[in-house]
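User: Please go through the terms used to describe this fold, and show how each one is justified.
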Amino acid sequence: MPAFQPTISRAVIVVLLAAAGVTPSSAGEQGERNPCTQDAMIVFDASGSMAGNVNQGIATTIPRIDEVRGALATVLPTVTRARRVGLITYGPGPYQQCNVDLKLKPMDNAAERIMQEVNALSPAGKTPLTAAVRNAAEVLDYRHKPGVVVVVTDGEETCGGSPCDLGKELHAAAVNLTVHIIGYRMKDFSWTGEGSILDAKCLAEENGGLYISTDSKQDLIEALQKTLGCPMLSENDSR
């Protein structure tokens, strides 16, 4: 009887996994994926350009910031049930300064708090993207803990920082920091050029992240789900 014990144990494990809807292969894959224990920081661009129309040069009453707000309102209730999320904003503050503001450190069930802060913003000021990402990494204690930074921006760095250099610096010192950049309607507009987009891509790529170009609210929703979402969320959790 003892000779069969290991086989019986493996069989029991397989049955239990199957009952939970997990195959051995998928269990291994999930072990390699982010289990959503990592805190996340959203870096939200509220600079002056976010007050502009969605369709530049075409009459519209939809400011860019409203599209981003709407996307966040759709995604955050599900995401914040699975991971702790915080918020840093940049732009509003003393006139034409490089203002970065820590609104919220990562906390449980943060959707309502984050939306209160984002909805209260009036776009203004410059784009200190580099300083904001650095601050987000510091909040996450990136030298000692894993974490995720998700930047939502519609413009290039305008405060003298170098996103690419920062990306290399963070990568060299971080335990396991991922930086994602979501660029909203950055292509073909006068305040951004190919160089600025490449610089943002470099920041993400240096830290194992994605650069996602978006042109609509639905694009933003999908990008936020991809970068902030948890792979272990069930279909029931996402409803």
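User: What makes the largest nonpolar core a core, and which residues touch the most other members?

Analyst: The model is a predicted one. A nonpolar core requires buried residues of nonpolar type, joined through side-chain atoms within 4.5 Å. The largest set of this kind has 32 residues, and those touching the most other members are Ile 42, Phe 44, Leu 72, Leu 76, Ile 114, Leu 224 and Leu 228. At least two residues each come from β1, α3, β2, α4, β4, β5 and α8. The greatest contribution is that of α3, with 7 residues.

User: How do you know that there is another core, apart from this one?

Analyst: Membership rests on side-chain atoms within 4.5 Å. A set of 24 residues, including Val 133, Ala 137, Leu 203 and Ala 204, lies apart from the largest core and is counted as another.

User: Which residues does Phe 44 touch, beyond those up to four places away in sequence?

Analyst: Contact is taken as heavy atoms within 4.5 Å. By that criterion, Phe 44 touches Ile 65, Val 68 and Leu 72, the run Leu 87, Ile 88, Thr 89 and Tyr 90, and also Val 118, Leu 121 and Val 152.

User: Why are β3 and β6 called edge strands?

Analyst: The open sheet has 6 strands in the order β3-β2-β1-β4-β5-β6, with mixed pairing. β3 (100–107) and β6 (211–214) each have a single partner strand, so one side of each has no neighbour in the sheet. On average, neighbouring strands are turned by 15° against each other, direction ignored.

User: What makes β1 and β4 a pair, and in which sense do they run?

Analyst: Pairing needs at least two bridges between the strands. β1 and β4 have 6 bridges and pair in the parallel sense. One of the partners in β4 is Val 149, which is bridged to Met 41.

User: How is α3 placed on the sheet, and at what angle to β1?

Analyst: α3 lies across β1, β2, β4 and β5, and runs at about 170° to β1. On a scale from 0 to 180 degrees between N-to-C directions, the value of about 170° places α3 and β1 in nearly opposite directions.

User: Why are the buried residues of α6 said to line one face?

Analyst: Buried means under 20% relative accessible area. In α6 (residues 163–173), Pro 163, Cys 164, Leu 166, Gly 167 and Leu 170 meet this criterion. Seen down the axis of α6, these buried residues fall within an arc of 155°, so they line one face of the helix. An α-helix has 3.6 residues a turn, so residues three or four places apart point the same way.

Note on methods
Residues are numbered from 1 along each chain as its sequence is written. This is a predicted model: local features need pLDDT of at least 70, side-chain atom pairs count only at pLDDT 80 or more; totals for chains, interfaces and linings use all residues. Side-chain values use heavy atoms; hydrogens and water are left out. Buried means under 20% relative accessible area, exposed over 50%, partly exposed in between (1.4 Å probe, protein chains only). Helices (H or I, at least four residues) and strands (E, at least two) are DSSP runs, numbered from the N terminus. The arc is that of the directions from the helix axis to the C-beta atoms.
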